[in-house]
Amino acid sequence: MKKRTMIVAASLALTLLQSCAKDTYKQDQFVNLLNIETGTTHSPEGYFFADLGCWHGYGFNNSSDMSEAGGFRGPAFAGERSLGLQWLSPCLEKLTLMEEGNVVPYTKIVSYEYLPGMLRQYLQAGSLSVEMKQIAVTDRSTMIQYTITNQGAENRSIASVLQGRATYKDAGFSLESGNAVTVNVAGGKHYFVLSLPDTWTVKDGPEKNMYVAAGKSTDLRPGKSYTFQTFTSYCPATGKQDALAEHASLKVKDAEKYLSRNAERWEGYLSSILDRDTEYLENDRNRKWAVKALMTLHTNWRSAAGDLKHGGVQPSTGHFNAFWAWDSWEHAVGLSIFNPELAKEQMLTMFDFQTPEGMIIDLIGLDAKENNKVCSKPPIAGWATYMVYQRSKDKAFVKEMLPKLLKYHEWRYKYRDHDQNGLCEYGGIAPQVYQGQWESGMDVAVKFDGVKMLKNAEGAYSFDQESIELNSYLCAEKFYLAYLLEEVGDKAQAARFREEGKKLKNMIQEKFFDKETGFFYDRKMGTGELVKVIDISGWIPLFTRVATPEQAAAVKKNMLDPELFGTYFPFSSLNHKHPLYQPDKGYFRGQTWMNYTYFGIRGWKNYGFMEDAAKYTNLLPDRLKGLTEPGYPIRENWNSATGEAMTAKHFGWSSAFSILLLAEDTDTFPYVPGM
């Protein structure tokens, strides 16, 4: 708990400093960029709002149904990967107003508002108005504040009643001392604690797992209000007594402080992105896109819990309920723009599970039994560490990361270079081809059709194919490691990595590029034959600055060729003329992905193609549905022929790269140092 508290405090302190930037953006300027109301066509089932790394959060019920008025939907909660995202209740806190023993009915749902960092709703009950605000106050706890105002001309005597029922299938419900309710789920693995105002009467309700809490009547003169708060803590992988102890740290007297801290923290996040002086953030549409991406990342934030020693951002809570390696590193680069403390934590999360040999495993979760240890992921951790360092200037972070990064880099050459020629392959711990496909992050990409697995060592296999993007990432990583080593004073080792990088760069230019077609390809081991599938991996040498200027120009020409990629939008995962091009299904067989789109645009910038980089960055929201349309979630990928959004909703790396595309042009440090 102490470690978690320090992380949140550091994040708050930084964002308070950031909020003093040249412009102060307010939460109220960005309302309902995302739709989390149930019953609408744009909302994913079970999606919610969360913040500060909480494993629970809330949504809205249907705003057209008056019978559902009076509370927030939820809470929803996550846990181990197999649990997924679940609703504890349709509405665990439903407010009813009473006067002289009679219900004062709601007459209008005025608005449901999702702001950065807050849910807010306004209701009307005749001449009474009700405002509800929901925020996170710690990485385990949330607060709902209720304010009832007499807008009429006569005195009123109003009592408030809250009631709710835990409807999750195995919820265990109990009333506790101090006006608290506990609910355990998943067979007692995880605990909720709900505390109600201490002057109220709380008792069991008429149905199972239900409570009813009633306050005394309050006299309200015209224009006057009264306010009260409730607090909910959700403690995954925690017993009942520890959950109660966690909850006991919350103080009603600090309610206004919690709200002011929430506003200051979120104003800091907003300003740290939107104050960056780039052409893309000069218009309101793109600013809203950036804020939507920020909100998405923070709702997917999960703090340390269970077997997780550090927190970070999950790819898509409710769809991908764990931490994947290269997603985590991509998230970290985006987070470093506005929340570098979380970015650093995100980097450490995966390395906590580094194997003795040095491998970073594919995915980790709250329950380590569900970790996937059969493969790794593309080596972009050095890039991410460099970017986080450049934006945080935290040398202690570099010193902590370097031994882990070096071990991981060396592991790749020992266990994923079958013929020890300095060119690596994707692989896994067993001879199943799918492990190498997973390790590539490109899953069923056409270029892997027909590959075979070769044994390198006990528990180490790799493809009979050297991948262009893998070796390009590794080449850039050598330069990132050299720079970081230089920063901590290890000049000798820095020089070695720089020389290795230059050698590998020349090998890639000579062995993976085809002059006739002007593109980079994978390479078969032994024969050196190029695997001439024109796909997104061919522009990674531009992203990593491995290509010569002439090679970069040739690749760019192919990217804009209407016979290959340059039709609806030039960043399809597979060229449009390939017989296996399937933009509406099959990972990496025709979808547009935001990470590879960023890699392409960043690659153009690396070689001075600034005009096209700007053109296609500005074109993104016109082509890819949901990036800027109000209410729509940011998706995992898009149909490259139509721009229709596809697969997982509220996706992390699509959001991280959105922020980078819009904001990073103000960076002044070299993208790949020493190249």
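Q: What span should the 12 residues of helix α16 have, and why?
A: The expected span of a helix is 1.5 Å times one less than its number of residues. For α16 (residues 652-663) this gives 16 Å, and the end C-alpha atoms are 17 Å apart, which agrees. The model is predicted: local features need pLDDT of at least 70, side-chain atom pairs count only at pLDDT 80 or more, and totals for chains, interfaces and linings use all residues. Residues are numbered from 1 along each chain as its sequence is written, and side-chain values use heavy atoms, with hydrogens and water left out. Helices (H or I, at least four residues) are DSSP runs, numbered from the N terminus, as are strands (E, at least two).

Q: How many residues of α16 are buried?
A: Buried means under 20% relative accessible area, with a 1.4 Å probe and protein chains only. In α16, 12 of 12 residues are buried, among them W653, F657 and L661.

Q: What does α10 look like by these two readings?
A: Helix α10 (residues 468-487) reaches 29 Å between its first and last C-alpha, close to the expected 28 Å. Of its 20 residues, 17 are buried. G489 follows α10 and has a positive phi, near 95°.

Q: How do α6 and α8 pack?
A: Two packed helices are described by the angle between their axes and the distance between the axes. Axes are lines fitted to C-alpha atoms, for helices over the stretch in contact, and angles run from 0 to 180 degrees between N-to-C directions. Helix α6 (residues 340-351) and helix α8 (residues 395-415) pack at about 35°, with axes 11 Å apart.

How values were computed. Buried < 20%, exposed > 50% of the residue type's maximum accessible area, 1.4 Å probe, protein only.
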